[in-house]
Structure formats: structure tokens, C-alpha cells
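The following exercises are to be worked through with the sequence and the coordinates at hand. Each task is followed by a solution in steps.

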Amino acid sequence: MSVHLAVVGATGAVGDLMRRVLAERHFPVGSIKFLASEKSVGKRVEFAGTTHTVERLCAEAFTGVQIVLSSTPSSVSKEFSPIAAKAGAIVVDNSSAWRMDPDCPLVVPEVNPEELHHARKGIVANPNCVAIPLAVALKPLHDLSPIRRIIVCTYQSSSGKGATGLTDFDAQMKPYALGQAVPAPTAHRAQLAGNVITLDWELEANGYTEEENKVVNETRKIFGDSSMGVSPTCVRVPVRIAHSEAINVEFARPISIAEAKAALAKAPGVVLMDETKGEFPQPIHAAGSDLTFVGRVRLDPSNPNALNLWVVADNLRKGAASNAVQCAEELIRRGIVK
Ligand SMILES: NC(=O)c1ccc[n+]([C@@H]2O[C@H](COP(=O)([O-])OP(=O)(O)OC[C@H]3O[C@@H](n4cnc5c(N)ncnc54)[C@H](OP(=O)(O)O)[C@@H]3O)[C@@H](O)[C@H]2O)c1
């Protein structure tokens with residue numbers, strides 16, 4: 001079969017990559033249209049050897065579309081994803097607008113693909129780019145013994161802020177290296193080059209950032225356990241693409257290193273890196289890959305039931321575009337989209 005697709009937010013950091021991911025994965029495209037804001041109308045984009053023109057996002061654009069891959073700001077998604085669903089499409093949405101809606105499944109295909117059958121609003125939410133690799137890496141361990149608590153500190157790349165984040169990165173790194181004046185940030189809340197930013201997201205009433213609260217709430221929803229302890233610190237670092245996570249995870253019972261590594265080695269979507277061979281997950285290797293890289297698996301010296309690990313994944317791919325395309329593939333495989 002082949003599917004009629006619309007890529008919404010096609011000119012953004014995630015939407016731009018969506019085309020490459022669809023082509024690489026040989027997604028069965030019947031027809032495809034690319035939608036963005038008024039300012040991008042008429043822009044040319046290449047897909048599978050053909051040049052397409054970007055169209056304005058509007059209700060009429062969804063006629064005949066079966067799957068919408070949407071990557072816009074939340075406010076835009078709140079308005080247009082229900083319109084697309086009403087027109088008969090299933091929307092796989094990258095924004096945070098629908099993630100905590102009980103009628104919208106929050107899906108990581110390696111973890112909870114069966115949730116795709118419960119898209120009661122016609123919208124499937126793609127989780128946050130920290131929560132996705134966290135869930136991919138921890139699911140095989142959760143299957144050995146239920147997770148009780150996760151402490152996660154992140155090292156998030158500039159591209160997590162979208163196209164404007166990348167503009168900041170590209171404008172700042174060279175002058176910084178040359179000892180010249182660094183241009184003021186436009187997307188990030190402080191200078192990125194040579195710096196580490198602990199407050200690069202909106203601060204919320206509980207003293208955590210919006211990003212940190214997303215990691216807590218979304219991880220619990222993905223694992224279907226509202227009592228799971230999740231304690232996050234989210235940090236922006238001067239890396240262009242791929243987020244890293246230092247994870248301490250406590251289980252109901254002790255898990256040995258050998259047991260953990262055996263489970264991780266055969267887990268879908270995971271690349272287990274062997275520190276005894278000098279291998280360790282790095283953003284420069286994860287960037288451009290759809291896989292989640294896991295390494296530095298250690299026993300927690302302070303807690304017999306806990307492990308430490310280091311996880312890296314491409315935030316634009318597995319953290320967004322590739323996870324969405326995988327969801328779309330599952331929608332077809334499961335006969336939800338016919
Ligand atoms: N970057 C990441 O690592 C990441 C990871 C997971 C999820 N997400 C989420 O994915 C979404 C997109 O992120 P991004 O990083 O790709 O952002 P981005 O680079 O800023 O791209 C935003 C896209 O939305 C379009 N858009 C904005 N306002 C619009 C409007 N009024 N009508 C129609 N289209 C509009 C933009 O079109 P124009 O170019 O025409 O303005 C652009 O194509 C966000 O909700 C973000 O939170 C991002």
C-alpha cells in the first residue's frame with residue numbers, strides 16, 4: 001500500500017529532516033505535501049528526486065491526507081492537529097500540545113506501540129526528545145525488574161531549540177574559538193559557546209523548568225506508571241546535535257551488570273557500547289543515527305538496586321522525526337491506517 005502524507009512544519013529543524021528520514025526508511029509514499037507558515041509559501045524542497053513547493057498550512061490542505069507528520073510550535077498544533085484529524089487523517093504530532101491528553105497516546109514504538117490503537121482524537125503524540133531515548137534505553141531493564149526511581153541529568157544540544165537554536169550555535173562557536181566578540185543569543189537564554197545553561201527553558205511554579213516537568217510526566221505516561229519516581233535536571237550544552245543523559249535508575253531488585261548488558265545488547269533500537277574496548281556514546285556518533293546509544297553501565301556504589309548509565313541519541317531524529325516516522329510505519333503495519 002502507499003499513503004497520502006502531509007508534512008506540517010516542513011521548513012523547521014525537525015520538519016526538514018522528516019523528508020530525509022522518510023526517504024531513507026523507504027516509507028510507502030503515495031502523495032506528499034509540505035506545509036508551513038505564510039512566510040515559507042513558495043519555498044522549494046527536494047523529496048525523493050522531485051522538487052516540491054511549500055504550501056500554506058490551512059484546513060483545506062488536509063483533504064485526502066491519511067497521515068500528518070506535524071512539527072510546529074504547540075500553539076499551531078493546538079489549532080491545526082484537530083482540524084487534520086477531523087478531515088480524516090491520523091496526526092503524529094511532535095509538539096508538546098497533546099502529550100498529556102488522556103485521549104492521545106504518547107508513543108515510543110520500541111516501548112509501547114500498542115498504545116497506537118487508542119488515538120481517540122486521531123492524534124498520536126511524539127514524546128519529548130529526552131523522554132524518548134530514556135524510555136528506549138530503560139525499557140529492556142524495566143522488563144527485568146520494575147523501575148522504582150530515575151535520576152536523570154541531561155546535556156542537551158542547541159538544535160533542541162529548533163532552527164533558531166542552530167543559528168545561535170553556528171554564529172557563536174567560531175568567534176568564541178577565535179577569542180572574538182560572540183553575537184548575543186536569539187534562541188538560547190544565555191551565550192551557548194563555551195557555556196552550560198541550566199535555565200534554557202521556562203521556569204515553572206514548582207521550581208523546575210518546563211523541560212524537566214515534561215521529562216517527569218512523559219516518562220511516567222510512556223511506562224504507564226504514575227508513581228514512578230523521576231528526578232530531572234535539564235541542561236543545555238554547546239553541542240550542535242544529539243542529547244546526552246546521565247541516568248541513575250533504581251529497580252525493585254538488584255540487576256547485575258551482566259544481566260543489564262545482555263538485555264541491552266538485544267533491545268530494539270539500542271546500540272550497547274563496550275567501555276572495555278574504549279567505546280562510549282558520544283553526540284558526534286549519535287548525530288545522524290536513528291538509534292539510541294547506551295554505555296558506561298555501572299553498579300551504583302551507594303544503592304544495591306540501582307545502576308548508572310550514559311545514553312545519547314539524535315534529538316532531531318530519534319527524539320523527533322524518526323520516532324514519528326516509526327509511529328507512522330506502525331500505524332500502517334497494525335492496519336490502523338489502511
Ligand atoms: N528540535 C528538537 O529537537 C525537537 C525535538 C522534539 C520535539 N520538537 C518539537 O517539534 C516542534 C518543531 O520543532 P523544531 O525544532 O523543528 O522548530 P523550528 O525549527 O522552529 O520549526 C518550526 C516549524 O513550524 C512552522 N510554523 C511556525 N509557525 C507556524 C504557523 N503559524 N503556521 C504554520 N507553520 C508554522 C515553521 O514554519 P516557517 O518556517 O514557515 O515559520 C517551521 O516549519 C516543536 O513543537 C518542538 O517543541 C523539537
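Helices and strands are here DSSP runs, numbered from the N terminus. The model is a predicted one.

**Exercise 1. Locate Ala48, describe its backbone, and decide whether it is buried or exposed.**

Solution.
Step 1. Ala48 belongs to the loop that lies between β3 and β4 (50-53).
Step 2. The phi angle of Ala48 is positive, near 50 degrees, although the residue is not glycine. Most residues other than glycine have a negative phi.
Step 3. A residue counts as exposed if 12 or fewer other C-beta atoms lie within 10 Å of its own. Ala48 has 12 C-beta neighbours inside 10 Å and therefore counts as exposed.

**Exercise 2. Carry out the analysis of Exercise 1 for Arg296, which also has a positive phi.**

Solution.
Step 1. Arg296 is located in strand β13.
Step 2. Its phi is about 50 degrees, and Arg296 is not a glycine.
Step 3. Arg296 has 15 other C-beta atoms within 10 Å, so it is classed as partly exposed.

**Exercise 3. Test whether the length of helix α1 (residues 13-24) agrees with its number of residues, then describe the surroundings of the helix.**

Solution.
Step 1. The expected span is 1.5 Å times one less than the number of residues. For the 12 residues of α1 this gives 16 Å.
Step 2. The end C-alpha atoms of α1 are 17 Å apart, which agrees with the expectation.
Step 3. The buried residues of α1 are Ala13, Val14, Gly15, Leu17, Met18, Arg19, Val21 and Leu22.
Step 4. These buried residues pack against the strands β1 (3-8), β2 (29-36), β3 (44-47) and β6 (67-70), and against the helices α4 (163-177) and α8 (317-333).
Step 5. After α1 comes His26, with a positive phi near 55 degrees.

**Exercise 4. Determine how the protein is divided into domains, and characterise the contact between them.**

Solution.
Step 1. The division gives domain 1 (3-127 + 320-333) and domain 2 (131-315).
Step 2. A distance of 25 Å separates the C-alpha centres of domain 1 and domain 2.
Step 3. Domain 1 contributes 14 residues to the contact, and domain 2 contributes 18 residues.
Step 4. On the side of domain 1 that touches domain 2, α8 gives the most, with 3 residues.
Step 5. That side of domain 1 comprises 7 nonpolar, 5 polar and 2 charged residues.

**Exercise 5. Describe the shell around the ligand and explain why it lies between the two domains.**

Solution.
Step 1. The residues around the ligand number 29, and those that come nearest are Gly9, Gly12, Ser40, Ser95 and Gly162.
Step 2. Two or more residues of the shell come from each of α1, α2 (74-86) and α8. The largest share, 3 residues, is that of α1.
Step 3. By class, the shell holds 11 nonpolar, 17 polar and 1 charged residues.
Step 4. Because domain 1 and domain 2 both give residues to this shell, it lies between them.

**Exercise 6. Trace the strand pairings from β9 (residues 147-155) through β11 (residues 243-251), and continue to β12.**

Solution.
Step 1. β9 and β11 are paired in the antiparallel sense by 8 bridges. Here Val152 has Ile247 of β11 as its bridge partner.
Step 2. β11 also pairs with β14 in the antiparallel sense, over 8 bridges. Ile247 is bridged to Leu309 in β14.
Step 3. Strand β14 (residues 306-313) is joined to β13 by 5 bridges, and the two run antiparallel. One bridge partner here is Val312 of β14, opposite Phe293. A hairpin through 6 residues connects β13 to β14.
Step 4. Strand β13 (residues 292-299) is joined to β12 (residues 270-272) by 3 bridges, with the two strands parallel. In this pairing, Val270 is partnered with Thr292 of β13.

**Exercise 7. Establish the setting of Asn323 in helix α8: is the residue buried or exposed, and which residues does it touch?**

Solution.
Step 1. Asn323 has 27 other C-beta atoms within 10 Å and is therefore buried.
Step 2. Leaving aside residues up to four places away in sequence, Asn323 touches Val108, Asn126, Ile132 and Lys318.
Step 3. Asn323 and Asp290 are 33 residues apart in sequence, and their C-alpha atoms are 8.2 Å apart in space.

Terms used
Residues are numbered from 1 along each chain as its sequence is written. This is a predicted model: local features need pLDDT of at least 70, side-chain atom pairs count only at pLDDT 80 or more; totals for chains, interfaces and linings use all residues. Helices (H or I, at least four residues) and strands (E, at least two) are DSSP runs, numbered from the N terminus. A residue is buried if 20 or more other C-beta atoms lie within 10 Å of its own, exposed if 12 or fewer, and partly exposed in between; C-beta atoms are placed from the backbone. Two residues are in contact if their C-beta atoms, placed from the backbone, lie within 7 Å. A residue is near a molecule or strand if its C-beta atom, placed from the backbone, lies within 6 Å of it. Ala, Val, Leu, Ile, Met, Phe, Trp, Tyr, Cys and Pro count as nonpolar, Asp, Glu, Lys and Arg as charged, and the others, Gly among them, as polar. Domain bounds come from an automatic or database domain assignment. Two strands pair if DSSP finds at least two bridges between them.
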